[in-house]
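Open the model in your viewer and keep the sequence panel in sight. This tour goes stop by stop, with something to select at each one.

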Amino acid sequence: MRIDRLLSNLGYGSRKEVERLLRQNKVSLDGALINKGELHVNLTPELRERILVESEPLDPLPGLTILLHKPTGFTCSHKEEGDLVYDLFPDRWQKREPPLSTVGRLDKDTSGLLLLSDNGALVHKITSPKNHVPKRYRATLARPLNGKEAEIFASGKLMLEGEEKPLLPAILKLISPTEAEVTISEGRYHQVRRMFAAVGNHVLTLHREQIGGLKLPNTLSAGEYLAISEAEVQSIFATAQP
Ligand code: URA
């Protein structure tokens with residue numbers, strides 16, 4: 001790929017702005033200044049360490065998947081009012097092509113593991129209900145559990161208000177009288193909150209701990225993120241049921 005196109009796709013500016021960066025001697029490859037936009041580079045993983053832009057290593061190359069510890073109070077949207085999950089990344093990332101999008105959504109008030117990727121096929125593979133990728137949440141509840149919820153959630157018959165199709169079986173594990181882990185393999189709107197509402201309870205806090213075989217590392221604080229490798233991406237599908 002041409003270096004000017006790569007830099008522009010990574011959000012460093014329009015083709016004109018990138019030309020200016022190159023002319024101002026702000027981009028180097030293996031220590032040598034680059035001033036020709038038409039220079040071709042191969043998008044190998046090592047390229048990131050070989051290119052410096054204004055003395056900083058190049059942003060992650062396209063083919064990027066991010067694991068974010070989403071804090072509460074941030075919305076998974078590009079255009080709503082208030083704090084957006086995209087505000088947690090460098091501004092330049094909002095201009096990336098292909099764009100980075102969330103893999104499904106977490107509610108504004110839900111925290112935990114959120115993936116973002118610029119690979120549309122991957123986003124579809126993880127979120128498609130056909131692939132049954134399990135998602136594990138921890139919920140704290142307003143009222144003590146009555147002991148019947150696990151059976152109801154596992155029945156495959158639970159109907160959410162306003163819907164016509166019952167939920168697929170889900171697993172509930174009791175942690176304490178007002179705390180539970182719930183594993184679901186669909187992604188219906190506000191699903192976990194509505195499941196507890198359907199059994200007469202109310203979710204106070206909700207946190208996603210795991211997607212497929214990929215866990216939120218406990219070393220990652222709310223608001224922090226990291227780029228994940230292809231092997232980590234593949235681990236998502238390791239626990240999916242056929
Ligand atoms: N279920 C919910 O109710 N909210 C989420 O954010 C995710 C699952």
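Is N25 buried, partly exposed or exposed? The model is a predicted one. N25 has a relative accessibility of 41%, so it counts as partly exposed.

**Stop 1: N25 and the small sheet**

Stay on N25. Its phi is positive, about 60°, although N25 is not a glycine. Most residues other than glycine have a negative phi. The residue sits in the loop between α2 (15-23) and β1.

Now select β1, residues 27-29, and β3, residues 51-53. The two strands run antiparallel and are joined by three bridges. Pick V27 and look across to β3: its bridge partner there is V53.

Widen the selection to the open sheet of four strands. Its order is β2-β1-β3-β4, with antiparallel pairing. The edges are β2 (32-33) and β4 (56-57), and each of these pairs on one side only.

**Stop 2: W93 and the β5-β6 loop**

Select W93. It is found in the loop between β5 and β6. Its relative accessibility is 9%, so W93 counts as buried. Show its neighbours: setting aside residues up to four places away in sequence, W93 touches D59, P60, L64, I66, L100 and Y225. Draw a C-alpha to C-alpha distance from W93 to D59. The two are 8.7 Å apart in space and 34 residues apart in sequence.

In that loop between β5 and β6, find P98. The peptide bond that joins E97 and P98 is cis, with omega about 0°. Most peptide bonds are trans.

**Stop 3: T65**

Move to T65, in strand β5 (residues 65-70). What is the relative accessible area of T65? The value is 5%, and T65 is buried. The cut-off for buried is under 20%.

Show side chains here. The T65 side chain makes a polar contact with the side chain of S117, at 3.1 Å. Leaving out residues up to four places away in sequence, T65 touches L116, S117, L122, L226, A227, I228 and V233. Keep L122 selected for the next stop.

**Stop 4: helix α4**

Select α4, residues 120-127. L122, V123 and I126 are its buried residues. Look down the helix axis: the buried residues fall within an arc of 100°, so they line one face of α4. Turn to the face away from the buried side. It carries the exposed residues G120, A121 and H124.

What do the buried residues of α4 pack against? Their partners are β5, β6 (101-102), β7 (110-117), β11 (203-211) and α7 (230-235).

Before leaving, zoom in on the start of α4. A side-chain oxygen of N119 comes to within 3.1 Å of the backbone nitrogen of A121.

**Stop 5: β8, β9 and β10**

Select β10, residues 179-184, together with β8. They pair in the antiparallel sense over six bridges. Take R138 as a marker: its bridge partner in β10 is E181.

Add β9, residues 171-176. Five bridges join β9 to β10, and the two run antiparallel. Here L172 stands opposite V182 of β10. The hairpin from β9 to β10 passes through two residues.

**Stop 6: the largest pocket**

Switch on a surface and go to the largest pocket. How much space lies in the largest pocket? The volume is about 700 Å³.

The lining comprises 33 residues. Nearest the centre of the pocket are R105, G187, R188, Y189 and H190. Colour the lining by element next. α4, β8 (135-141), α6 (191-198) and β11 each supply at least two lining residues.

**Last stop: H190**

Select H190, one of the residues nearest the pocket centre. H190 lies in the loop between β10 and α6. Its phi is positive, about 50°, although H190 is not a glycine. The relative accessibility of H190 is 30%, so it counts as partly exposed.

Note on methods:
Residues are numbered from 1 along each chain as its sequence is written. This is a predicted model: local features need pLDDT of at least 70, side-chain atom pairs count only at pLDDT 80 or more; totals for chains, interfaces and linings use all residues. Side-chain values use heavy atoms; hydrogens and water are left out. Buried means under 20% relative accessible area, exposed over 50%, partly exposed in between (1.4 Å probe, protein chains only). A polar contact is a pair of N or O atoms within 3.5 Å; within protein, one must be able to donate a hydrogen and the other to accept it, and residues adjacent in sequence count only if both atoms are side-chain atoms. Contact means heavy atoms within 4.5 Å. The arc is that of the directions from the helix axis to the C-beta atoms. Two strands pair if DSSP finds at least two bridges between them. On a 1 Å grid over the protein atoms alone, a cavity is a set of points where a 1.4 Å probe fits but cannot get out, and a pocket is an open set with protein on both sides within 12 Å along at least five of seven lines; lining residues have an atom within 4 Å of a point. Grid points are joined across faces, edges and corners, and a volume is the space filled by probe spheres set on the points.
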